Amino acid sequence: MSVRVRRVHDPAEPEDGVRVLVDRLWPRGLTKEAARVDEWPKALTPSTELRRWYHAGEGSYEEFAERYEAELAAEEAAEALDDVRELARKGDVTLLTASKTPQESHATVLARLLRG
């Protein structure tokens, strides 16, 4: 099992496996054909309130990650996380985000949880 995080704007690679977009909004300037997204579970994305709080610079990445993990405990999000976890058990999964700093984004939190 391999779970990795990549920018959605980067070209698809054969080793990506199942490509899962984990952003709530579709990335600007990117066609669906170019993105090659296989799954888009919007229930896995941080709430609008949490995103705005984090991008306003009001808290640390560590606090954002804690709050996001708490949101993932909600029923719909937990089910979506289980679905992606099942995909990862079957093969490679690439979590896609438009974030310019994916290493400090919700995608990295998801990858850590999926790797268990």
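**Core**

I began with the largest nonpolar core, which has 24 residues. Leu44, Phe64, Tyr68, Val84, Leu95 and Leu110 touch the most other members. I am working on a predicted model.

Next I looked up which elements feed this core. Helix 2, helix 3, helix 4 (75-90), strand 3 (93-97) and helix 5 each give two or more residues to it.

I also noted a second core, separate from this one. It has five residues, including Val8, Leu21, Leu30 and Ala35.

I then took Leu95 and listed its contacts, leaving aside neighbours within four places in sequence. Val3, Arg4, Val5 and Arg6 are on the list, as are Val20, Val22 and Val84. Ala107, Leu110, Ala111 and Leu114 complete it.

**Helix 3**

Which residues of helix 3 (residues 61-71) are buried? I found Tyr61, Phe64, Ala65 and Tyr68. Down the helix axis they fall within an arc of 100°, so they line one face of helix 3. The general rule helps here: an α-helix has 3.6 residues a turn, so residues three or four places apart point the same way.

I checked the face turned away from the buried side of helix 3. Glu62, Glu66 and Ala70 are the exposed residues there.

What do the buried residues of helix 3 pack against? I get helix 2 and helix 5 (106-115). Phe64 and Tyr68 are buried in helix 3, and both are among the core residues that touch the most other members.

**Helix 2**

I repeated the exercise on helix 2. Its buried residues are Leu50, Trp53 and Tyr54. They fall within an arc of 95° seen down the axis, so they too line one face of their helix. Helix 3 is included in what covers them.

On the face turned away from the buried side of helix 2, I noted Arg52 and His55 as exposed. I also looked at the backbone just after helix 2. Gly57 takes a positive phi there, about 80°.

**Pocket**

Last, I looked up the largest pocket. About 620 Å³ of space lies in it. I count 22 lining residues. Which of them lie nearest the pocket centre? They are Asp23, Arg51, His55, Ala98 and Ser99. His55 is thus listed by the pocket centre and also as an exposed residue of helix 2.

Helix 2 (residues 48-55) gives the largest share of the lining, three residues. By type, I noted eight nonpolar, eight polar and six charged residues in the lining.

Methods. Residues numbered from 1 in each chain as written. Predicted model: local features only at pLDDT ≥ 70, side-chain atom pairs only at ≥ 80, totals over all residues. Heavy atoms only, no water. 1 Å grid on protein atoms, 1.4 Å probe; cavity = no way out; pocket = protein on both sides within 12 Å on 5 of 7 lines; lining within 4 Å. Points joined across faces, edges and corners; volume = space filled by probe spheres on them. Helix = DSSP H or I, 4+ residues; strand = E, 2+ residues; numbered from the N terminus. Nonpolar A, V, L, I, M, F, W, Y, C, P; charged D, E, K, R; others polar. Buried < 20%, exposed > 50% of the residue type's maximum accessible area, 1.4 Å probe, protein only. Arc of directions from axis to C-beta. Contact = heavy atoms within 4.5 Å. Core = buried A, V, L, I, M, F, W, Y, C linked by side-chain atoms within 4.5 Å.
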